[in-house]
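Subject: The structure for you to look at

Hi,

Here is the structure I promised to pass on. Have it open while you read, and my notes on what turned up in it follow below.

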Amino acid sequence: MGKSDFLSPKAIANRIKSKGLQKLRWYCQMCQKQCRDENGFKCHCMSESHQRQLLLASEDPQQFMDYFSEEFRNDFLELLRRRFGTKRVHNNIVYNEYISHREHIHMNATQWETLTDFTKWLGREGFCKVDETPKGWYIQYIDRDPETIRRQQEQEKKKKQDLDDEEKTAKFIEEQVRRGLEGKEQERPVYTELNRENDEEKVAFNLNKGASTSVAASSKTSSVLGLSALKIVGGAGSVKRKESAHSSGQSKEKKKKSALDEIMEFEEEKKKTARTDYWLQPEIVVKIVTKKLGEKYHKKKAVVKEVIDKYTAVVKMIDSGDKLKLDQTHLETVIPAPGKKVLVLNGGYRGNEGIL
């Protein structure tokens, strides 16, 4: 087994030593080579390939720095977008995860000297939202992808539409409550005077739970005429109070029910007025209005035999018996003679039959 063999102890030891991150001072960014110790780095600097790379870089050093800066920025932002999304995160956490990759671009080869300078540059250029705290700098990625922006706009539009529907319902309920309260304020109790023709007569009150009724009881010495007159007055007052209490209870019930009834009627009207953009139904008579099929079929009547995907129909001509597959835009309904049956094709009564 030779010394340069892949499974030799020395080769295995070299691979174990080269695992993971090495010291930055022994890394050559121009050649993208990591040396394990000072002696290896010195030998690499004296090599012909390294000298050739230095000659190329000396011709236009700014071009190489811009290239490395762009690669570092793209890789850093890609990691931030994929790993953390639009969450607010400490810049050092992102950087530590970035440099854990062995083949990353080192910051000392870019135009930024420190991570703080790079973070500030991201904020100035509008790539991220940055803010400084006592714990350090935090960054938040700004996603400017057109697909993401379109999705966010659709979500905002849907949320606004839901809020509009909720506001309409809340206003409707508030209006009904206001009407009910106005009706209650108008209903005030009616007070009647209690008149006595004879001062010596006694008046007794019987207070029940439902309504207040007054019963006049006279003494044994009172006259028959005074007793009858007081009974008539008391009876009339009690009847009036009962009628007013009954009518007020009915009006309250009516007002309470009216709000619910109006809501139910509103929902019913919405269902009745709900229309769709398709109307084809099997076994209905239609007329062909398109001229693309020629004069043979233009303005001719046919019967729908089958509906395909709501908008397409297989029709059979009444005259010739030919079968055609047409879109509903090429057809129109036929109104029968008075007294004949009709079928409702759209709206709340869709599918119901009637007589014209």
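Let's begin with D322, which counts as partly exposed because its relative accessibility is 25%, and partly exposed covers the range between under 20% (buried) and over 50% (exposed). Before going on, please keep in mind that this is a predicted model.

**Salt bridges**

What does the side chain of D322 meet in a salt bridge? The partner is K296, at 3.6 Å from N to O. This pair links distant parts of the chain, 26 residues apart: K296 sits in the loop between β8 (285–288) and β9, while D322 is in the loop between β10 and β11. K296 has a relative accessibility of 55%, so this residue counts as exposed.

How many salt bridges does a search of the whole structure find? The total is 9. Another one is between D131 and R88, whose side chains meet at 2.7 Å, N to O. They are 43 residues apart, with D131 in strand β4 and R88 in strand β3, and this pair too links distant parts of the chain. D131 is at 27% relative accessibility, so it counts as partly exposed. R88 has a relative accessible area of 45%, so R88 is partly exposed as well.

Then there is E262, which forms a salt bridge with R179; their closest N and O atoms are 3.5 Å apart. Here the link runs between two helices: E262 belongs to helix α8 (residues 224–273) and R179 to helix α7, with their positions 83 residues apart in the numbering, that is, 83 residues apart. E262 is partly exposed, at a relative accessible area of 28%, and R179 is partly exposed at 41%. These two are also part of something wider: salt bridges that share partners join E175, R178, R179 and E262 into one network.

**A nonpolar patch**

While you are looking at α7, which spans residues 146–186, find V177 in it. V177 is at 48% relative accessibility, so it counts as partly exposed. Together with I173 and L181, V177 forms a nonpolar patch on the surface, and the three have about 260 Å² of accessible area together.

**Two hairpins around β10**

Now go to strand β10 (residues 312–317). Is this strand mostly covered or mostly open? It is mostly covered, as 5 of its 6 residues are buried.

β10 pairs with β9 and with β11:

- Strand β9 (residues 301–308) is joined to β10 by 6 bridges, and the two run antiparallel. A302 has M317 in β10 as its bridge partner. β9 and β10 form a hairpin with 3 residues between them, and D309 in the turn has a positive phi of about 55°.
- Strand β11 (residues 323–327) pairs with β10 over 5 bridges, again in the antiparallel sense. One pair to look for is A313 and its bridge partner L326 in β11. β10 and β11 form a hairpin with 5 residues between them, and G321 in the turn has a positive phi of about 80°.

**A sheet with a helix on it**

There is also an open sheet of 3 strands, in the order β3-β5-β4, with antiparallel pairing. Which strands are at the edges? They are β3 (88–90) and β4 (128–133), each of which pairs on one side only. Neighbouring strands in this sheet are turned by 30° against each other on average, direction ignored. Between β3 and strand β5 (residues 136–141) there are 3 bridges, and these strands run antiparallel. V89 stands opposite I139 in β5. Helix α5 packs on the sheet, where it touches β3 and β5, and its direction makes about 70° with that of β3.

One residue to click on in α5 (residues 91–99) is N92. Its relative accessible area is 36%, so N92 is partly exposed. N92 and L115 are 23 residues apart in sequence, and their C-alpha atoms are 7.9 Å apart in space.

That's what I have for you. Have fun clicking around!

Cheers

Note on methods
Residues are numbered from 1 along each chain as its sequence is written. Side-chain values use heavy atoms; hydrogens and water are left out. Helices (H or I, at least four residues) and strands (E, at least two) are DSSP runs, numbered from the N terminus. Buried means under 20% relative accessible area, exposed over 50%, partly exposed in between (1.4 Å probe, protein chains only). Two strands pair if DSSP finds at least two bridges between them. Axes are lines fitted to C-alpha atoms, for helices over the stretch in contact, and angles run from 0 to 180 degrees between N-to-C directions. Contact means heavy atoms within 4.5 Å. Patches are made of residues with over 30% relative accessible area and no salt bridge: like charges are joined within 9 Å, nonpolar side chains (Val, Leu, Ile, Met, Phe, Trp, Tyr) within 5 Å. Accessible areas come from the Shrake-Rupley method with a 1.4 Å probe; for residues, only the protein chains shown count as cover. A salt bridge is a side-chain nitrogen of Lys or Arg within 4 Å of a carboxyl oxygen of Asp or Glu.
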